[in-house]
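Trainee: I would like to learn how to read contacts between side chains and pairs of aromatic rings. Could you take me through an example?

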Amino acid sequence: HSPALDVETSEAHAGGSLIMHQAENAFATPWTAGYEFGLRGVTEGRQNSAVGTDDGYTRRIHSLLLQAHTELLGDTLRLLYGARYDAYSDADNHLSPRAGLIVKPAPGCAVKLLYGNAFRPPTSSEARGSATIEPAAGRPETLDTWELAFVGQGERHRAYAVLFTTTWRDAIVGGKNPGPGKPLAYLNVGESRSRGAEAGGTL
């Protein structure tokens with residue numbers, strides 16, 4: 001009979017950001033650019049009254065971001081684009097792009113095609129591992145999302161319909177270690193896909 005697992009973690013977060021905007025220019029392309037710095041640490045980690053493997057863990061993150069949109073044909077067509085680059089002190093760096101196309105065929109009506117990428121780096125416990133589990137390699141989980149949406153709005157009524165699909169890759173899961181070392185390991189082997197639709201409105 002294994003004893004109950006009692007985990008206690010205290011964390012500290014600090015950081016700052018510098019953001020620049022330009023709302024109007026000769027190219028009809030408002031944009032936002034910025035830099036962010038984050039410092040995250042586990043000030044105390046305990047497991048069943050013993051010092052946890054993530055005790056004293058520190059992570060530094062430097063991030064660059066840029067997003068903009070360009071209006072064409074008198075705002076009938078709008079292009080959205082941007083990206084975020086995150087550099088981690090303890091994990092692989094990652095570039096997260098995003099893009100979109102918005103068409104307004106008539107007043108109060110819009111069709112949107114959107115793409116976005118998100119990610120999750122290993123947690124402090126996954127990055128450190130344990131007595132029986134090899135730590136994660138540092139590769140992040142990623143999530144790609146596509147969305148097609150229709151929105152119609154009048155003076156009193158509003159309706160919308162959305163189709164979406166998501167793909168989750170390199171999910172970090174615990175499993176049998178295929179290499180040398182401890183019997184188990186945190187591996188980037190999980191993957192799943194989902195599709196869905198949503199619709200609604202007001203009368």
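Mentor: We shall look at aromatic pairs and then at one acidic residue, keeping in mind that this is a predicted model.

Trainee: How many aromatic pairs does a search of the whole structure find, and how is such a pair described?

Mentor: In general, a pair of aromatic rings is described by the distance of the centres and the angle of the planes. Here the search of the whole structure finds two such pairs. In one of them, the ring centres of Tyr 88 and Phe 119 lie 6.1 Å apart with the planes at 90 degrees, and because an angle over 60 counts as edge-to-face, that is the name for this pair. The pair links distant parts of the chain, since Tyr 88 belongs to strand S5 and Phe 119 to strand S7, 31 residues apart.

Trainee: Are Tyr 88 and Phe 119 buried or exposed?

Mentor: Tyr 88 has a relative accessibility of 12% and counts as buried, whereas Phe 119, at 22%, is partly exposed.

The aromatic pair of Tyr 115 and Trp 146 is tilted, with 4.9 Å from centre to centre and 45 degrees between the planes. This pair links Tyr 115 in strand S7 with Trp 146 in strand S9, and Trp 146 is partly exposed at 44% relative accessibility.

Trainee: Which side chains does a polar contact join to that of Asp 144?

Mentor: The side chain of Asp 144 has a polar contact of 2.5 Å with that of Tyr 115 and another of 2.9 Å with that of Asn 117. Asp 144 itself is found in strand S9 and is buried, because its relative accessible area of 13% is under 20%.

Definitions and conventions. Residues numbered from 1 in each chain as written. Predicted model: local features only at pLDDT ≥ 70, side-chain atom pairs only at ≥ 80, totals over all residues. Heavy atoms only, no water. Helix = DSSP H or I, 4+ residues; strand = E, 2+ residues; numbered from the N terminus. Buried < 20%, exposed > 50% of the residue type's maximum accessible area, 1.4 Å probe, protein only. Polar contact = N/O pair within 3.5 Å; in protein donor to acceptor, adjacent residues only side chain to side chain. Phe/Tyr/Trp six-rings, centres within 6.5 Å; stacked < 30°, edge-to-face > 60°.
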